[in-house]
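Colleague: Please take one part of this model and look at it closely for me, then follow its neighbours into the rest of the structure.

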Amino acid sequence: MTAYDLLERSRFRAIARRLYDVRITGAENIPARGPVILVANHESMFDPWILALATPREIRYMAKAELWSIPPIAWALDSFRAFPVERGTGYAAAISRAAQLLAEDEVLGMFPQGTSKRLPSRPYHRGAARLALVTGAPLVPVRLAGTRGFPHPRRPPAHVVVTEPIVVAQAKPTVAAAKELTRQIERTIEHAF
């Protein structure tokens with residue numbers, strides 16, 4: 001039994017949405033089956049759990065490998081079937097694993113900004129776009145708002161806005177094509193709310 005199974009049995013989605021006032025718009029834009037890459041802005045370490053409220057499908061995330069060095073976090077990541085990416089050295093292995101999951105009709109969750117830390121600039125990285133070009137999997141941009149500092153029952157509502165899928169034809173993932181697709185993802189997310 002996975003953590004997703006346990007959360008479904010405990011009605012976590014319904015409880016969390018009510019308790020923390022998570023408002024979800026456009027969930028019907030996430031395909032019910034087949035490969036898909038959910039791409040979202042990244043404001044909080046809670047974003048993967050908030051994004052998971054938008055679909056009953058299990059979302060597979062890649063996370064920085066150093067998180068597995070902290071036992072409680074490693075346990076949670078393994079429970080949610082996340083997989084590690086070694087920044088700087090193991091990126092190719094993580095992308096290969098992600099492509100394999102998409103070939104198995106899984107849902108992949110990615111945060112192209114790479115970090116939720118408050119930095120002067122958090123540009124969108126091209127990994128999600130490159131993966132979509134290699135696999136032909138559709139991209140579904142998602143705007144998360146009000147998740148920083150989450151969870152807190154008395155804070156303003158958090159919003160999850162799921163936009164329409166970006167259909168991507170399988171093609172060579174050139175730098176130019178990945179940059180343009182990444183710009184499209186960023187524009188869509190920025191204008192979704």
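Modeller: Helix α4 is followed by Arg81, a residue whose phi is positive, near 60 degrees. Helices here are DSSP runs of H or I with at least four residues, strands are runs of E with at least two, and both are numbered from the N terminus. This is a predicted model, in which local features need pLDDT of at least 70 and side-chain atom pairs count only at pLDDT 80 or more, while totals for chains, interfaces and linings use all residues. Residues are numbered from 1 along each chain as its sequence is written, and side-chain values use heavy atoms, with hydrogens and water left out.

Within α4 itself, which spans residues 71–79, Ala74, Leu77 and Ser79 are buried, a word that stands for under 20% relative accessible area, with exposed meaning over 50% and partly exposed the range in between (1.4 Å probe, protein chains only). Asp78 also belongs to α4, yet it is partly exposed, with a relative accessible area of 47%. Its side chain makes a polar contact with the side chain of Trp68 at 2.9 Å; such a contact is a pair of N or O atoms within 3.5 Å, where within protein one must be able to donate a hydrogen and the other to accept it, and residues adjacent in sequence count only if both atoms are side-chain atoms. Asp78 and Trp68 are 10 residues apart along the chain, and their C-alpha atoms are separated by 8.8 Å.

The loop after this helix also takes part in ring packing, for the structure holds 2 aromatic pairs. Rings of Phe, Tyr and Trp (its six-membered ring) count as a pair if their centres lie within 6.5 Å, and planes under 30 degrees apart are called stacked, over 60 edge-to-face and the rest tilted. Trp49 and Phe80 have ring centres 5.8 Å apart and planes at 90 degrees, so this pair is edge-to-face. It links distant parts of the chain, since Trp49 sits in helix α3 (residues 47–51) and Phe80 in the loop between α4 and β4, 31 residues apart. Of the two partners, Trp49 is partly exposed at a relative accessible area of 34%, whereas Phe80 is buried at 16%. In the other pair, the rings of Tyr61 and Phe111 have their centres 6.0 Å apart and their planes at 10 degrees, so they are stacked. Here too distant parts of the chain are linked, with Tyr61 in strand β3 (residues 59–64) and Phe111 in the loop between β5 (107–110) and α6 (127–135), 50 residues apart. Tyr61 and Phe111 are both buried.

Helix α3 also contains Asp47, which counts as buried at 0% relative accessibility. The side chain of Asp47 reaches the backbone nitrogen of Ser44 at 2.9 Å. Leaving aside residues up to four places away in sequence, Asp47 touches Asn41, His42, Phe111, Leu144 and Thr147, where contact means heavy atoms within 4.5 Å.

One of those residues, Leu144, brings us to the sheet. The open sheet has 7 strands in the order β1-β7-β6-β2-β5-β3-β4, with mixed pairing; two strands pair if DSSP finds at least two bridges between them. The strand that follows α4 and its loop, β4 (83–85), stands at one edge and β1 (22–25) at the other, each with a single partner strand, so one side of each has no neighbour in the sheet. Strand β6 (residues 139–145) pairs with β7 (residues 158–162) in the antiparallel sense over 4 bridges, while β2 and β6 pair in the parallel sense, also over 4 bridges. Among the bridge partners, Val142 has Val162 in β7, Ala145 has His159 in β7, and Leu38 stands opposite Val140 in β6. Because 6 of the 7 residues of β6 are buried, this strand is largely enclosed by the rest of the structure.

As for how far to trust these details, pLDDT is the predictor's confidence in each residue, from 0 to 100, and the protein has a mean of 86, with 88% of its residues at 70 or more. Confidence is lowest in helix α1 (residues 3–9), at a mean of 68, and highest in strand β2 (residues 36–40), at 97. Where pLDDT is low, the predicted coordinates should not be read in detail.
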